[in-house]
Amino acid sequence: MSNVKSMTQLENIGIDKLMEELRKRNPDADFEIVDGNAIKISGIEPEDVKCPEGYYSSERGYITNKGNTLSGSYEVFMLHN
């Protein structure tokens, strides 16, 4: 799976909105916030997670929107399974 980033420049949505979007896009997976800024997943491999526009999963085990914000400020959430 390619990690091609969206050309749309979005700002950060925060972990709560990200969780909502992940659940919509991955209905067969379970997501839980752990340690305040990490995401525990089950039912899907981290590289198969469908992310909202501007966000992508990394082969290093996190979800981020690095490189896809106008401000240059970005979010990184570790994935645990």
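1. Y62 has M78 as its bridge partner in strand 5 of this predicted model. The pairing of strand 4 with strand 5 is antiparallel and extends over three bridges. Strand 4 covers residues 62-64, and strand 5 covers residues 76-80.

2. M78 also has a partner from strand 2, namely A38. A further bridge to strand 5 links K40 with H80. Strand 2, residues 38-42, runs parallel to strand 5, and three bridges join the two. Strand 5 therefore meets strand 2 in the parallel sense and strand 4 in the antiparallel sense, a choice that exists because strands of a sheet pair through backbone hydrogen bonds, either parallel or antiparallel.

3. The whole sheet is open, has five strands and follows the order 1-2-5-4-3, with mixed pairing. Its edges are strand 1 (30-34) and strand 3 (56-57), each of which pairs on one side only. Along the chain, the elements run α-β-β-β-β-β from the N terminus, that is, one helix and five strands.

4. Strand 1 and strand 2 are antiparallel and are joined by five bridges. Within this pair, F31 stands opposite I41 in strand 2. The two strands form a hairpin with three residues between them.

5. What is notable about the phi of D35? The angle is positive, about 55°, although D35 is not a glycine. Most residues other than glycine have a negative phi. D35 lies in the loop between strand 1 and strand 2, in the turn of the hairpin. The residue is exposed, with a relative accessible area of 70%.

6. Helix 1, residues 14-25, lies across strand 1, strand 2, strand 4 and strand 5. Relative to strand 1, the helix runs at about 170°. Strand 5 has a covered face made of F77 and L79. The uncovered face of strand 5 holds V76, M78 and H80. M78, on that uncovered face, is the residue that bridges to Y62 and to A38.

7. The largest nonpolar core has 15 residues, and those touching the most other members are L18, L22, F31, I39, I41, V49 and I63. Helix 1, strand 2 and strand 5 are the elements that give two or more residues to this core. Helix 1 gives the most, with four residues. In soluble globular proteins, nonpolar side chains tend to be buried together.

8. I41 can be followed in more detail. Not counting residues up to four places away in sequence, I41 touches D30, F31, P46, V49, L79, H80 and N81. Of these, F31 and V49 are also named with I41 among the core residues that touch the most other members, and F31 stands opposite I41 in the hairpin pairing.

9. T64, in strand 4, counts as buried because its relative accessibility is 1%, below the 20% limit. Which backbone atom of E75 does the side chain of T64 reach? It is the backbone oxygen, at 2.6 Å. A polar atom of the T64 side chain also lies 3.0 Å from the backbone nitrogen of K66. Beyond four places in sequence, T64 is in contact with G54, Y55, Y56, Y74, E75 and V76.

10. N65 lies in the loop between strand 4 and strand 5. At 1% relative accessibility, N65 counts as buried. The N65 side chain reaches the backbone nitrogen of E75 at 2.7 Å, whereas the T64 side chain reaches the backbone oxygen of E75. Leaving aside neighbours within four places in sequence, N65 is in contact with E11, N12, G54, Y55, Y56, Y74 and E75.

11. Some totals for the protein follow. Of its 81 residues, 37% count as buried. The exposed surface is about 5,000 Å², and carbon and sulfur atoms supply 48% of it. Among contacts between residues at least 6 apart in sequence, 51% join residues at least 24 apart.

How values were computed
Residues are numbered from 1 along each chain as its sequence is written. This is a predicted model: local features need pLDDT of at least 70, side-chain atom pairs count only at pLDDT 80 or more; totals for chains, interfaces and linings use all residues. Side-chain values use heavy atoms; hydrogens and water are left out. Buried means under 20% relative accessible area, exposed over 50%, partly exposed in between (1.4 Å probe, protein chains only). Contact means heavy atoms within 4.5 Å. Accessible areas come from the Shrake-Rupley method with a 1.4 Å probe; for residues, only the protein chains shown count as cover. Two strands pair if DSSP finds at least two bridges between them. Axes are lines fitted to C-alpha atoms, for helices over the stretch in contact, and angles run from 0 to 180 degrees between N-to-C directions. A nonpolar core is a set of buried Ala, Val, Leu, Ile, Met, Phe, Trp, Tyr and Cys residues joined through side-chain atoms within 4.5 Å. A polar contact is a pair of N or O atoms within 3.5 Å; within protein, one must be able to donate a hydrogen and the other to accept it, and residues adjacent in sequence count only if both atoms are side-chain atoms.
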